[in-house]
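Reader: Could you pick one spot in this model and take me through it closely, then work outwards to the rest of the fold? I'd like one connected story rather than a list.

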Amino acid sequence: MVAVADLYDAAARAGLLTAVKVGTLIVECGFRAPDETVLDGLALSRDYEIEYPTERLLLTVGDTVEIAGHPYRVREVIALRDGNECRAKLARLP
């Protein structure tokens with residue numbers, strides 16, 4: 001069976017993920033910004049979000065992450081599917 005982290009590694013090699021820095025740790029994550037289209041172009045994403053494998057990163061509400069040099073605060077963390085992945089909703093900090 002393929003581990004979720006292996007799928008993230010493959011996506012990172014294909015250039016589909018974004019580096020997210022948490023302290024000194026850097027993890028490749030799926031990143032969505034409010035100006036990105038979702039649902040095959042039918043809508044715009046309304047929130048900043050990252051998706052990541054839980055074996056590589058554990059976030060809690062209030063944590064700060066850095067993406068492309070910009071700081072974000074974690075607003076909400078949701079476990080996905082069997083809990084091997086999480087989605088964190090973010091607020092961009094000034």
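Author: Let's start at Glu51, which, if we skip its neighbours within four places in sequence, is in contact (heavy atoms within 4.5 Å) with Tyr8, Cys29, Gly30, Arg32, Leu80, Arg81, Glu85, Cys86 and Arg87. Before going on: this is a predicted model, where local features need pLDDT of at least 70 and side-chain atom pairs count only at pLDDT 80 or more, while totals for chains, interfaces and linings use all residues. Residues are numbered from 1 along each chain as its sequence is written, and side-chain values use heavy atoms, with hydrogens and water left out.

Back to our glutamate. Glu51 sits in β5, a strand covering residues 48-53; strands here are DSSP E runs of at least two residues, helices are H or I runs of at least four, and both are numbered from the N terminus. Glu51 counts as buried because its relative accessibility is 15%, where buried means under 20% relative accessible area, exposed over 50% and partly exposed in between, with a 1.4 Å probe and protein chains only. What does the Glu51 side chain pair up with? It makes a polar contact of 2.7 Å with the side chain of Arg87. (That term takes N or O atoms within 3.5 Å; within protein, one must be able to donate a hydrogen and the other to accept it, and residues adjacent in sequence count only if both atoms are side-chain atoms.)

Two of the names on that contact list, Cys29 and Cys86, are cysteines you may be wondering about. Cys29 is buried, since its relative accessibility is 0%, and Cys86 is buried too, because it comes out at 10%. Even so, a search of the whole structure turns up zero disulfides, which would need a pair of cysteine sulfur atoms within 2.5 Å.

Now for the sheet around β5. Six strands make a closed barrel in the order β1-β2-β5-β8-β7-β6, with antiparallel pairing; strands pair if DSSP finds at least two bridges between them. On average, neighbouring strands of this sheet are turned by 45° against each other, direction ignored (axes are lines fitted to C-alpha atoms, for helices over the stretch in contact, with angles from 0 to 180 degrees between N-to-C directions). Helix α1, residues 4-13, packs on that sheet and touches β2, β5 and β8 (85-92). The direction of α1 makes about 120° with that of β5. Tyr8, one of the Glu51 contacts, falls within the residue range of α1.

On one side, β5 pairs antiparallel with β2 (residues 25-32) over three bridges. Phe31 has Ile50 in β5 as its bridge partner, and Arg32 stands opposite Glu49. On the β8 side, β5 has six bridges, again antiparallel, and there Ile50 has Ala88 as its partner. So, reading those pairings together, Ile50 is bridged to Phe31 and to Ala88, which means strand pairing on both sides in the DSSP sense.

Further along, β1 (residues 18-22) is joined to β2 by five bridges and runs antiparallel to it, with Thr18 opposite our buried Cys29. The β1-β2 hairpin has two residues between the strands, and Gly23 takes a positive phi near 65° there.

Going the other way, β7 (residues 70-80) pairs with β8 in the antiparallel sense over eight bridges, and Arg73 stands opposite Ala91 in β8. Their hairpin has four residues between the strands. In its turn is Arg81, another Glu51 contact, with a positive phi of about 45° although it is not a glycine. Most residues other than glycine have a negative phi. Arg81 counts as exposed because its relative accessibility is 68%. Ala68, in the loop between β6 (64-67) and β7, also has a positive phi, near 55°, and is exposed at 68% relative accessibility.

Stepping right back, the protein chain has one helix and eight strands, running α-β-β-β-β-β-β-β-β from the N terminus on. Of its 94 residues, 32% count as buried. Among contacts in the chain with a separation of 6 or more, 38% come from residues 24 or more positions apart.
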